[in-house]
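Welcome, and thanks for taking a look at this one with us. Here is a short report on a ligand, its surroundings and a few backbone details.

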Amino acid sequence: MSDSCIFCKIASGEIPAKIVYQDDQIVAFEDVAPQAPHHILIIPRKHIRTTLDLTTADNQMIGHIYQIAGKIAHDLGFSEDGFRIVNNCNADGGQVVWHLHFHLLGGREFVWPPG
Ligand code: 5GP
Ligand code: ZN
């Protein structure tokens, strides 16, 4: 846990969030500034700064995040229409919170290429 990290504080319950799923490895909660009708953030409980800080020890956890993303999309009713999973890495990727997270976006059509 990083004392200054807002997502570590959400994972520990120190800062409130609308949690939609959690287990011993990961937490999923609603984004405070949603960019789609459904906008969920999925994070590891472990403080990992960016995608570049992942190691082979994290392989199972990343697979688990993707599996749970699909389950959340299914449970919230937008899996069949479709959805997008986004990880922003570093400045050009648009990362602003320095705790690894995956955006699960659904409930509308998304364009490609992304902005
Ligand atoms: P990034 O640009 O780093 O990929 O995305 C960070 C996301 O975290 C943004 O979509 C932003 O709205 C969300 N966010 C930032 N602070 C908080 C917070 O305190 N609570 C919640 N639920 N989401 C947050
Ligand atoms: Zn953190």
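Which atom of ligand 1 has a backbone N or O atom of Val32 3.3 Å away? A nitrogen atom of ligand 1 is the partner, with the backbone of Val32 supplying the other N or O atom of the pair. Please keep in mind as you read that this is a predicted model.

## Polar contacts of the ligand

Two side chains join the backbone of Val32 in this picture. Asp31 places a side-chain N or O atom 2.5 Å from an oxygen atom of ligand 1. His103 also takes part, since one of its polar side-chain atoms is 2.8 Å from an oxygen atom of the ligand. How much of ligand 1 does the protein bury? On its own the ligand exposes 530 Å², and the protein buries 81% of that.

## The shell around the ligand

Let's step back to the wider surroundings. There are 16 residues around ligand 1, and those that come nearest are Asp31, Gly94, Val96, His101 and His103. Asp31 and His103 thus appear here as well as among the polar contacts described above, Asp31 with its side chain and His103 likewise.

By class, the shell holds nine nonpolar residues, five polar ones and two charged ones. Helix 1 provides the largest share of this shell, at three residues.

## The pocket

Where does ligand 1 sit? Its place is the largest pocket. Two elements give two or more residues to the shell around the ligand: helix 1 (6-12) and strand 2 (26-30).

The largest pocket holds about 670 Å³ of space. Its lining counts 29 residues, and closest to the pocket centre are Asp31, Gln35, His39, Asn88 and His103. The lining is made up of 16 nonpolar, eight polar and five charged residues.

Several elements build this lining. At least two residues each come from helix 1, strand 2, strand 3 (38-44), strand 4 (83-86) and strand 5 (102-106). Helix 1 is the biggest contributor to the lining, giving three residues, just as helix 1 gives the largest share of the shell around the ligand.

## Backbone details to look at

Two spots in the backbone deserve a glance. The peptide bond between Trp112 and Pro113 is cis, with omega at about 5°. You will find Pro113 in the segment after strand 5.

The other spot is Asn90, which belongs to helix 3 (residues 90-93). Asn90 is not a glycine, yet its phi is positive, at about 60°.

Conventions: Residues numbered from 1 in each chain as written. Chains lettered and ligands numbered in written order. Predicted model: local features only at pLDDT ≥ 70, side-chain atom pairs only at ≥ 80, totals over all residues. Heavy atoms only, no water. Near = heavy atom within 4 Å. Polar contact = N/O pair within 3.5 Å; in protein donor to acceptor, adjacent residues only side chain to side chain. Areas by Shrake-Rupley, 256 points an atom, 1.4 Å probe, with all protein chains shown as cover. 1 Å grid on protein atoms, 1.4 Å probe; cavity = no way out; pocket = protein on both sides within 12 Å on 5 of 7 lines; lining within 4 Å. Sits in = over half its atoms within 2 Å of the grid points. Helix = DSSP H or I, 4+ residues; strand = E, 2+ residues; numbered from the N terminus. Nonpolar A, V, L, I, M, F, W, Y, C, P; charged D, E, K, R; others polar. Points joined across faces, edges and corners; volume = space filled by probe spheres on them.
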